[in-house]
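Hi everyone, thanks for coming. I'll walk you through one protein model today, a piece at a time. Have a look at it on the screen first.

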Amino acid sequence: MSKSPSSLHIAVLCGGPSQERGISLNSARSVIDHLSSDAVDITPFYVDPHLNFYELGRAQIYSNTPSDFDFKLADTHQRLDEDGFCHRLKSFDLVFPAIHGAFGEDGTLQELLEDYDIPYVGSPSGTCRKMFNKDRAAALLRKAGFPTLPSVTLRQGNPYNRDTIEAFFRDNHLTRAIIKPSAGGSSIGVFSVSSAEEAIDKLEQHIFGKHIDSCGLLEPFCEGREFTIIILQNDQGAPIALIPTEISMSYADHAIFDFRRKYLPTNMVSYHSPPRFTDAQISTIQESAERIFTLLGMRDFARLDGWLMPDGTVWFSDFNPISGMEQNSFLFQQGSRIGLSHADMIRRA
């Protein structure tokens, strides 16, 4: 029996210049796995670390790692420049960005698609810029009355970074803090530190030294219970927060919910959905997440990370325009709690 002609043509975009491009490949595979049908045809496109664009065959998306793509594509595929890439995308009905980190979530890709009037899934460029920069997002939340932690931004080349860090530790009476890139995701370049000297070292040797970011953010270590929550936009445009997931682990010896614990098998982390919070606390998290979704102008779907503090205060720490879509991701975990399959969640995104 032959397939009927496809009625909807979707381009899924993966890869990108960040260290999250391996996660991006898995997200793209999920989109293809769960959205493809006789009525939906999907074509993958890969963006390499140098922002070269390549159209892929469906089979390739399953058989390669990012290093394979980066090594082989220049010799085996025709490279598309930015203009050629966008004109190719204009032949599709819809673009589904699945690029995490820089370029994919910082508003750059979204602005490019907007310039060429290409319809796409996810938040617009201005919103992505607000969400991606943690300091900027926190300032907007603080202005709107949401609880935030004290923090300082540290810029590469600023001769006063050491003085600023030492003063921050002294003024806030800190014995533990978090130093991290001002923008980015997947806990890449995030460190728990116990002194100003250690914070300076991680900032200079890792965040700046390894070109993770040109800005760092220093804040107190949060003594609370970690959670993450998915928000979907319904057909009427209203945000609907799902049931949050509590992330349970030991933070002793400077452990954090880092890249390894997020994406590799481990018995060091457990997840609780619904979380082991009171009904009132869950409602507060959901209502706050929906308000933030609207405040920042998010669209379609998003994932927010935060902490339930010992006094019951809810603090949101990270804002993800494109939630990871690996098979066991929070997006699918939380959808399953209300009876939605993987395919249902992607269609609703």
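So, how many bridges join strand 9 to strand 13, and do the two run parallel or antiparallel? The model is a predicted one, by the way, so keep that in mind throughout. Strand 9 and strand 13, which covers residues 301–308, are joined by 8 bridges, and they run antiparallel. To find one of those partnerships on screen, go to Ile231: its bridge partner in strand 13 is Ala302.

Let's stay with strand 9. This strand spans residues 225–233, and 7 of its 9 residues are buried, so we can call it mostly covered. Strand 13 is one partner, and here are two others. Strand 11, residues 245–249, is joined to strand 9 by 3 bridges, again antiparallel. There, Glu226 has Ile247 as its bridge partner. Then comes strand 10, residues 239–241, which pairs with strand 9 over 3 bridges in the antiparallel sense. In that pairing, Gln233 is matched with Pro239.

Strand 9 and strand 10 form a hairpin with 5 residues between the strands. Which residue in that hairpin takes a positive phi? That would be Gly237, with a phi near 90°.

Okay, on to charges. Side chains of opposite charge can pair when their charged atoms come close. Searching the whole structure turns up 11 salt bridges. I'll show you three of those, and please click along.

Start with Asp318 and Lys134, whose side chains meet in a salt bridge at 3.6 Å, N to O. These two sit in distant parts of the chain: Asp318 is in strand 14, residues 314–320, while Lys134 is in helix 7, residues 134–143, and 184 residues separate them. Are they buried or exposed? Both Asp318 and Lys134 are buried.

Next, Arg162 and Glu197, which form a salt bridge at 2.9 Å, N to O. This pair also links distant parts of the chain, 35 residues apart, with Arg162 in helix 8 (residues 161–171) and Glu197 in helix 9 (residues 196–208). What about accessibility here? Arg162 has a relative accessibility of 36%, so it counts as partly exposed. Glu197 comes in at 46%, so it counts as partly exposed too.

My third example is Asp344 with Arg347, a salt bridge of 3.7 Å, N to O. This one sits within helix 13, residues 342–348: the two residues are 3 apart, so about one helical turn separates them. Asp344 is partly exposed because its relative accessible area is 26%. Arg347, at 56%, counts as exposed. And let me go back to Arg162 for a second: salt bridges that share partners join Arg162, Glu166 and Glu197 into one network.

Now for some empty space. Rolling a probe the size of a water molecule over the atoms shows where empty space is left. How many cavities of 30 Å³ or more does a search of the whole structure find? There is 1, and the volume of the largest cavity is about 110 Å³. It is lined by 14 residues, and the closest to its centre are Lys134, Ala138, Glu219, Trp315 and Ser317. Yes, Lys134 again, our salt-bridge partner of Asp318.

Where does that lining come from? Helix 7, strand 8 (215–220) and strand 14 each supply at least two of its residues. By type, the lining has 7 nonpolar residues, 3 polar and 4 charged.

Last stop, the cysteines. How many disulfides does a search of the whole structure find? The count is 0. Take Cys14: it is in no disulfide, and the nearest cysteine sulfur, in Cys86, is 16 Å away. Cys14 is also buried, because its relative accessibility is 0%. For Cys86, the closest cysteine sulfur belongs to Cys128 and is 16 Å away, so it is too far for a bond. Cys86 is at 0% relative accessibility as well, so it counts as buried.

One more residue before I stop: Leu13, in strand 1, residues 8–15. Leu13 has 0% relative accessibility, so it counts as buried. In sequence, Leu13 and Phe96 are 83 residues apart, yet in space their C-alpha atoms are 6.3 Å apart.

That's my tour, thanks for listening!

Terms used:
Residues numbered from 1 in each chain as written. Predicted model: local features only at pLDDT ≥ 70, side-chain atom pairs only at ≥ 80, totals over all residues. Heavy atoms only, no water. Salt bridge = Lys/Arg side-chain N within 4 Å of Asp/Glu carboxyl O. Helix = DSSP H or I, 4+ residues; strand = E, 2+ residues; numbered from the N terminus. Buried < 20%, exposed > 50% of the residue type's maximum accessible area, 1.4 Å probe, protein only. 1 Å grid on protein atoms, 1.4 Å probe; cavity = no way out; pocket = protein on both sides within 12 Å on 5 of 7 lines; lining within 4 Å. Points joined across faces, edges and corners; volume = space filled by probe spheres on them. Nonpolar A, V, L, I, M, F, W, Y, C, P; charged D, E, K, R; others polar. Pairing = 2+ DSSP bridges. Disulfide = S-S within 2.5 Å.
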